[in-house]
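Okay, everyone, thanks for coming. Let me put the model on the screen, and then I'll talk you through a few spots in it.

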Amino acid sequence: MIDIVLPCLDEAAALPHVLGDLPDGTRALVVDNGSTDGSPQIARSLGAHVVTATQRGYGAACHAGLMAATADLVAFVDCDGSFDLSIVPALAAPVLDGSADLAVGRRRPVARGAWPAHARLANGVLSWRLRTLGLPVHDVGAVRVGRRTALIDLAQIDRRSGYPLETMVLAAKAGWRVVETDVDYHPRHGRSKVTGTVRGTVQAMRDMTVVLAR
């Protein structure tokens, strides 16, 4: 069993598609982060386990999902329809067979506009910084899979946009074996709270710069 943590803020339009791709052997943990569009009710009606994260922020939602998970393996995937959950078992395979401690997805856009140029540029800069730490990656870990107890032991403190990057930085410091696999990246449903605007991307970069500075 793999628990898939899906941070959720007003994703009512995306949830039917996202949860419709749930693979066998996985459980969806939709972590509501203050939605006002009925997302928690829709998620429950589609069979997902709903967790409430009272602290706002992407990292806060991810961490609440991690703490609520019970499976040995935990995956983190955006809840906006930009990824098909069908990718999770293959992505998790190296962690499951013991050849890796953390598996991450490298986004490969499948349609024009799926990944705005300003967001792709920011990702390129940050992933270069990760390679200087010895990680063989080209993405900041938008999709990632690890063992629950090991992820908890990383003791992450970021509760905003820097959470995925902090996972990678702490994994590097801990000497984890990290593997990267290409994953399809689709246009999301609705407008992104982060990469959909230059302002949102700049704020995310600030959050991640703080993580790197620590």
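So, Tyr185 is buried, at 5% relative accessibility, where buried means under 20% relative accessible area, exposed over 50% and partly exposed in between, with a 1.4 Å probe and protein chains only. Before I go on: this is a predicted model, where local features need pLDDT of at least 70, side-chain atom pairs count only at pLDDT 80 or more, and totals for chains, interfaces and linings use all residues. Residues are numbered from 1 along each chain as its sequence is written, and side-chain values use heavy atoms, with hydrogens and water left out.

Which ring pairs edge-to-face with Tyr185? A search of the whole structure turns up 3 aromatic pairs, and in one of them Trp115 meets Tyr185 edge-to-face, 5.6 Å centre to centre with 75° between the planes. The rule there: rings of Phe, Tyr and Trp (its six-membered ring) pair if their centres lie within 6.5 Å, and planes under 30 degrees apart are stacked, over 60 edge-to-face, the rest tilted. Trp115 sits in the loop between S5 and H5 and Tyr185 in strand S7 (residues 178-185), so this pair links parts of the chain 70 residues apart. Helices (H or I, at least four residues) and strands (E, at least two) are DSSP runs, numbered from the N terminus.

Trp115 is buried too, at 8%. Add Phe83, and Phe83, Trp115 and Tyr185 make one aromatic cluster. There's also a charge here: the charged end of Arg107 sits over the ring of Tyr185, 5.4 Å from its centre. That label needs NZ of Lys or CZ of Arg within 6 Å of the ring centre and within 35 degrees of the ring normal.

Now, Arg107 and Trp115 are also among the residues lining the second largest pocket. On a 1 Å grid over the protein atoms alone, a pocket is an open set of points where a 1.4 Å probe fits, with protein on both sides within 12 Å along at least five of seven lines, and lining residues have an atom within 4 Å of a point. Strand S5 (102-109) and helix H5 (117-132) each give two or more residues to that lining, with H5 giving the largest share, 5 residues.

Last stop, Trp176, in the loop between helix H7 (163-173) and S7. Trp176 is buried, at 16%. Trp176 and Asp101 are 75 residues apart in sequence but 5.6 Å apart in space, C-alpha to C-alpha.
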